[in-house]
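Q: Please take a close look at the side-chain pairing in this model, with the geometry and solvent exposure of the residues concerned. A connected account with explicit cut-offs would be appreciated.

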Amino acid sequence: MDETRRLIRVRTRHNKPAFKRRGGLHRKVKLADVWRRPRGLHNKQRRQFRAKGALPRPGYGGGPAAVRGMHPSGYAEVRVFTPADLVDLNPEIQAVRIAGSVGNRKRGAIQERALELGLKVLNAKDLTPAAEVPAAAEEEEVNEDE
């Protein structure tokens with residue numbers, strides 16, 4: 001585990017350029033800030049002028065192969081949609097990320113089951129109903145008045 005932590009630290013120190021889209025990104029709202037290969041005949045970035053930003057190349061890989069795709073906490077992420085997906089997971093090396101399309105009711109069931117199995121949930125939410133909190137506060141105010 002110590003070697004894994006060291007490699008994760010090396011991965012975060014890896015100095016990679018921010019591959020930016022060129023041309024009018026700051027002027028046009030509908031252009032997303034995602035990489036697009038420059039294709040223009042006179043484009044300086046396509047011609048690889050150093051000051052215009054680097055092009056993505058195989059040498060920029062995702063750090064050491066042993067920790068590629070791993071969460072910074074050192075766990076391998078597993079995307080989960082239902083409580084049944086938690087069955088064969090190893091809590092020592094895997095952590096759960098609940099899919100964004102999962103609603104609150106099923107999310108609560110997944111979080112409870114993960115807690116029982118000793119799994120770490122990377123995007124856990126506090127699902128206590130907001131209606132319960134003010135009711136408790138009102139009872140305290142009534143007690144103070146008496």
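A: A residue is termed buried under 20% relative accessible area, exposed over 50%, and partly exposed in between (1.4 Å probe, protein chains only). This is a predicted model, in which local features need pLDDT of at least 70 and side-chain atom pairs count only at pLDDT 80 or more, whereas totals for chains, interfaces and linings use all residues. Residues are numbered from 1 along each chain as its sequence is written, and side-chain values use heavy atoms, with hydrogens and water left out.

The account may begin in helix H2, which spans residues 104–117 and contains Gln111; helices (H or I, at least four residues) and strands (E, at least two) are DSSP runs, numbered from the N terminus. Gln111 has a relative accessibility of 16% and therefore counts as buried. From this position, the Gln111 side chain reaches the backbone nitrogen of Lys125 at 2.9 Å.

Helix H2 also holds Glu116 and Arg113, which are 3 residues apart and so separated by about one helical turn. These residues form a salt bridge with their closest N and O atoms 3.0 Å apart, the term denoting a side-chain nitrogen of Lys or Arg within 4 Å of a carboxyl oxygen of Asp or Glu. Glu116 counts as exposed because its relative accessibility is 59%, while Arg113, at 34%, is partly exposed.

The structure holds 4 salt bridges, the pair in helix H2 being one of them. In helix H1, the side chains of Glu3 and Arg6 meet in another, with an N to O distance of 2.9 Å. Glu3 and Arg6 lie 3 residues apart in that helix, so about one helical turn separates them. Glu3 has a relative accessibility of 44% and therefore counts as partly exposed; Arg6 is likewise partly exposed, with a relative accessible area of 39%.

A further salt bridge joins the side chains of Glu77 and Arg97, at 2.7 Å from N to O. This pair links distant parts of the chain, since Glu77 belongs to strand E1 and Arg97 to strand E2 (residues 94–98), 20 residues apart. Glu77 shows 36% relative accessibility and is therefore partly exposed. Arg97, its partner, also counts as partly exposed, because its relative accessibility is 29%.

In general, side chains of opposite charge can pair when their charged atoms come close. Here, such pairing occurs within helix H1, within helix H2, and between strands E1 and E2.

Notes:
A polar contact is a pair of N or O atoms within 3.5 Å; within protein, one must be able to donate a hydrogen and the other to accept it, and residues adjacent in sequence count only if both atoms are side-chain atoms.
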